[in-house]
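Biologist: I am new to this structure and would like a close look at a single part of it, the aromatic side chains and how they are set among their surroundings. Please take me through them in one connected answer.

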Amino acid sequence: MPIVAQSAETTDWVSRFADEVIAESERRAPGKPVVVASGLSPSGPIHLGNLREVMTPHLVADEVRRRGHEVRHLISWDDYDRYRKVPDGIAGVDESWAEHIGKPLTSVPAPKGSAYPNWAEHFRAAMVAALAEMGVEFDGISQTEQYTSGVYREQILHAMRHRRDIDAILAQYRTRPKSAGRKSQKPLDEAELEAAEGSGAAAEDDGSSGSAGYFPYKPYCGNCAKDLTTVTAYDDDSTELTYACTACGFSETVRLGEFNRGKLVWKVDWPMRWAYEGVVFEPSGVDHSSPGSSFQVGGQIVGIFGGEQPIGPMYAFVGISGMAKMSSSKGGVPTPADALEIMEPQLLRWLYARRRPNQSFKIAFDQEIQRLYDEWDRLDAKVADGTALPADAAAHSRAVRTAAGELPRTPRPLPYRTLASVADVTAGHEDQALRILSELDPANPLETLAEARPRYDKAEAWINTHVPADQRTIVREEPDAELLKSLDERGRASLRLLLDGLADHWSLDGLTHLVYGVPKVQAGFAADATPKELPPEIKTAQRSFFALLYHLLVGRDTGPRLPTLLLAVGQERVRSLLGA
């Protein structure tokens, strides 16, 4: 049974949307499954910004399922859209792919070396695999299959019969100047479409206009397979349609009631699908929510098809640390698969669950990922001991499990920054990594690396793919005799204090206590003295001591956390490099 709606103060954003969706679904289609939707275009790598289009309805759908309702989360693969441009930075793709511009994405060859039959399937496959790893349950709908099999035939004919009504709605928002009225406007040619691509105007193309009037339908050419076509005649009774292609000059007359090689233009296609599928909830990006854009216009056009506009928030952009706003029309942007190489699915889910859809956020591929993991581990501990705030606990729950059950977890979730340091120092040697990790907590040693996986593998991937070579850690082969010889008595005494305490403090916590304690002891304080009990100059002494150790161990003045580095190097080698 549905739960009673709770107040905004006691629920998170997902619960509040679930309340609204359940109520709206009962009003529109009582007794039927709740339908939420996402739309993705496999025009190139489906990036982490696109993932918000999926995660927002997924989280709401999952909450509705948890309450015992049947839900369908539809993902429409817009693979019958036109191929707009050759993306930059995609392996196996060069300017020769420009000859396919204007064709359906499923009619474009896949990048060279791909195992998939066409462009759309190549890029869709990576997203499907990532969603499976993240526990996202959905029903996928190929728009190529829908259109070419005739599923939408009645909807297309209905749109053509009501083309003047559709045109009247669109006319309220058109800003492009007209030289002699709407009917004299020509379709965008190839150059105009490419110029419009940068501003997003091409994606908002609202129909075919010529001397015969406005038509919300674009045939793909029977000769060159491109959509640079203009409808020149149409008869509602016979459904005979004549079109001409501006790309190759081909023209033909077909019977639209039997013709399956074309699609409704986007501003009509989207609301048609809302009505056809009975969509109750679907978010839209800020680029689709401005005045005159597809979501706003669709809210009026959907009534022509006998439907209602879905409820749903406008969602903000997702960024990457150090990168500008992402675009799927360009290559080189991080995808969910890229993120899942370096972070566990729970962490990635949490990033989308903890922020309201209208809040932008960034996903870290740089050093910030270590801080992010520390924050996640602290939340995990608070949830375990019951001290997490309600909204934080809710976001955590949505990250670690779905209505279907818990996502697989790392059995021993050791600190990510520690795992990254170990992977850095050991450079792929698993036996050395296990030795170090087993010494972190001697009272409860790690028995196998499997206990630390997959988190260890994610940290290792981050080190290998996102840390520049000049920042990697290379332990010295021989002691720095010149530096050791130059040390004054205070410097030599600090090393003796460290070396004398190694054996008794050989664990992560013990070495942390030791390396921070040496400067305190030298200054006449207890090793466990708190910062409040110490003068400010102790911090300066600690930084100098740490820099000395880094230079003697790795030849730099910074590096991984010293306790982890000492464990990684090993007692015998540490003693040698520190001049014992």
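Modeller: A good place to begin is Y416, which has a relative accessible area of 0% and is therefore buried. This is a predicted model, and the values that follow are computed from it. The partner of Y416 is W462, which has a relative accessibility of 1%, so W462 counts as buried too. The ring centres of Y416 and W462 are 6.4 Å apart, and rings pair when their centres lie within 6.5 Å. The planes of the two rings stand at 55°, so this pair is tilted. Y416 belongs to helix 14 (residues 416-426) and W462 to helix 16 (residues 455-466), so the pair ties together parts that are 46 residues apart in sequence.

That pair is one of the 21 aromatic pairs in the structure. Another is formed by W274 and F295, with 5.5 Å from centre to centre and 70° between the planes, an edge-to-face arrangement. This pair also links distant parts of the chain: W274 is in helix 8 (residues 266-277), F295 is in helix 9 (residues 294-301), and 21 residues separate them. W274 and F295 are both buried.

Some rings are joined in a group. Y80, Y147, Y152, Y220 and Y276 form a cluster linked by ring pairs.

A ring can also face a charge. In this model the charged end of R354 sits over the ring of W350, at 4.2 Å from the ring centre.

Aromatic residues also take part in the nonpolar cores. The largest nonpolar core has 103 residues, and the members that touch the most others are M343, L348, Y352 and I363. With neighbours within four places in sequence left aside, Y352 is in contact with W13, L48, L51, R52, M55, L59, V318, F361 and I363. I363 thus appears both among the contacts of Y352 and among the core members that touch the most others. There is a second, separate core of 29 residues, and its members include Y152, I156, L157 and M272. Y152 is also one of the tyrosines in the ring cluster.

To place these side chains against the backbone, one further element is of use. Strand 2 (residues 71-77) pairs with strand 3 (residues 139-142) in the parallel sense, over four bridges. Within this pairing, L74 stands opposite D139 of strand 3. Together with helix 3 (residues 119-133), strands 2 and 3 make a right-handed β-α-β unit.

Notes. Residues numbered from 1 in each chain as written. Predicted model: local features only at pLDDT ≥ 70, side-chain atom pairs only at ≥ 80, totals over all residues. Heavy atoms only, no water. Phe/Tyr/Trp six-rings, centres within 6.5 Å; stacked < 30°, edge-to-face > 60°. Helix = DSSP H or I, 4+ residues; strand = E, 2+ residues; numbered from the N terminus. Buried < 20%, exposed > 50% of the residue type's maximum accessible area, 1.4 Å probe, protein only. Lys NZ or Arg CZ within 6 Å of the ring centre and 35° of its normal. Core = buried A, V, L, I, M, F, W, Y, C linked by side-chain atoms within 4.5 Å. Contact = heavy atoms within 4.5 Å. Pairing = 2+ DSSP bridges. Right-handed = clockwise from strand over helix to strand, strands pointing away.
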